[in-house]
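Subject: Structure handover and findings

Hello,

Here is the structure for your files. Please open it alongside this message, since the notes below refer to residues by number.

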Amino acid sequence: MIVSYIIPETKCCQLKRGAINLRPKELTSCERHIVQVIESRRQERQERRKGSVSISDKDLGLKRREAFLDLLLEASDSAGAALSDSDEEVDTFMFGGHDTTAAAMSFIFYNLAANPEVQARLAEEVAEVFGASDGAVTSQDLAQLKYTERVIKESLRLYPSVPLFARRIDEELPITGGYVIPAGTGALIACYQMNRNPAFFPDPEKFDPDRFLPENCTGRHPYAYVPFSAGPRNCIGQKFGMLQMKSTVAKVVRHCVLSLPRPGYKPVVTGRVILRAEDGVQLKVSPRKMAISPC
């Protein structure tokens, strides 16, 4: 649901049915990349089939985890669909999250600069997990960044990348006060305002990552905080997005100190499809002094 709003505004990532039939020079770089990814993966699958033995993982009682693109190609191959039937789906999950993640990272770095005590605590956690090494980050490393994750969640509470999303009510919905919303009604969910509800988030304008400690989440309505939307049409890339943000925040904080360009600075946000700072997020960046051992 979230990424579906991005595509119409991202001109270079728009694909139309039949775009695969255009001459290469008429394709944008994004379109060409999507076509190459699909074709490369499809050829890989064909090569694996040629070299595979007759006994499958299923025969051995093994459950193999397939990448989303593999599942998509398997479905399209089974249905006899053309390559062009997959391009829009690949476009969505490859490029749809880039704008949202970039916007989220801008506000995360602003919140770290505006709250130096939070930044210092996050830097301590990063130092504990990675030590003096500047080697590759693993998924096990990222799983240990509990405070970093809470910082990201709190930043998304105040500055959700998608400030509102839409749903259609398929059946009559009774609400408080004896009112009934009729079926077929379009509803806009404004999570920017929802995330500032003092009933669920006391002192809502305060940046406090510890709101997301397990004990502080107990009893909170599951839909009080929905930065990735919710339900069957929620953001398909939210887990990947969280890993991406955690690794980026950890990398930046390991090497840089973030501060505000002037006391009291606060970006002016504008709510369009993606929540953005009107004039961009302005920050001062200086090197962080820390010992790095060779890999």
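The notes below cover how the model was treated, then salt bridges, helix packing, loops and a surface patch.

This is a predicted model, in which local features need pLDDT of at least 70 and side-chain atom pairs count only at pLDDT 80 or more, while totals for chains, interfaces and linings use all residues. Residues are numbered from 1 along each chain as its sequence is written, and side-chain values use heavy atoms, with hydrogens and water left out.

Salt bridges

Ten salt bridges turn up in a search of the whole structure. A salt bridge here is a side-chain nitrogen of Lys or Arg within 4 Å of a carboxyl oxygen of Asp or Glu. For accessibility, buried means under 20% relative accessible area, exposed means over 50%, and partly exposed is in between (1.4 Å probe, protein chains only). Helices (H or I, at least four residues) and strands (E, at least two) are DSSP runs, numbered from the N terminus.

One of the pairs is Arg 41 with Glu 44, whose closest N and O atoms are 3.5 Å apart. Both residues sit in helix 1 (residues 29-51), three residues apart, which is about one turn of the helix. Arg 41 has a relative accessible area of 24%, so it is partly exposed. Glu 44 is at 38% and therefore also counts as partly exposed.

Asp 99 and Arg 276 form another salt bridge, with 3.2 Å between the closest N and O atoms. This pair links distant parts of the chain: Asp 99 belongs to helix 3 (residues 84-114) and Arg 276 to strand 7 (residues 275-277), 177 residues apart. Asp 99 counts as partly exposed because its relative accessibility is 28%. Arg 276 counts as partly exposed because its value is 35%.

In a further pair, Glu 149 meets Lys 246, and the closest N and O atoms are 3.1 Å apart. Distant parts of the chain are linked here as well, with Glu 149 in helix 6 and Lys 246 in helix 9, 97 residues apart. Glu 149 is partly exposed because its relative accessibility is 24%. Lys 246, at 3%, therefore counts as buried.

There is also a network of salt bridges that links Arg 121, Arg 150 and Asp 210.

Helix 6 and helix 9

The two helices that carry Glu 149 and Lys 246 also cross. The axes of helix 6 (residues 146-158) and helix 9 (residues 238-255) come within 10 Å and cross at roughly 115°. Axes are lines fitted to C-alpha atoms, for helices over the stretch in contact, and angles run from 0 to 180 degrees between N-to-C directions. Helix 6 and helix 9 are therefore roughly perpendicular to each other (under 35 degrees counts as roughly parallel, over 145 as roughly antiparallel, 65 to 115 as roughly perpendicular and the rest as oblique). Their crossing is right-handed, meaning that the near helix is turned clockwise from the far one by less than a right angle.

Gly 241 is also in helix 9. It is buried because its relative accessible area is 7%. Its C-alpha atom is separated by 7.4 Å from that of Gly 97, although the two are 144 residues apart along the chain.

Loops

Two residues that are not glycines have a positive phi: Asp 203 at about 50° and Ser 229 at about 70°. Asp 203 is found in the loop between helix 7 (191-194) and helix 8 (214-217), and Ser 229 in the loop between helix 8 and helix 9. Ser 229 counts as buried because its relative accessibility is 7%. The C-alpha atoms of Ser 229 and Ile 189 are separated by 9.0 Å, with these positions 40 residues apart along the chain.

Asp 134 lies in the loop between helix 4 (116-130) and helix 5 (139-143). At 23% relative accessible area, Asp 134 is therefore partly exposed. Asp 134 and Arg 254 are 8.9 Å apart in space, C-alpha to C-alpha, and 120 residues apart in sequence.

Surface patch

Phe 68, Leu 71 and Ile 236 make a nonpolar surface patch of about 290 Å². Patches are made of residues with over 30% relative accessible area and no salt bridge; like charges are joined within 9 Å, and nonpolar side chains (Val, Leu, Ile, Met, Phe, Trp, Tyr) within 5 Å. Accessible areas come from the Shrake-Rupley method with a 1.4 Å probe, and for residues only the protein chains shown count as cover. Leu 71 lies in helix 2 (residues 68-78) and is partly exposed, with a relative accessible area of 44%.

Regards
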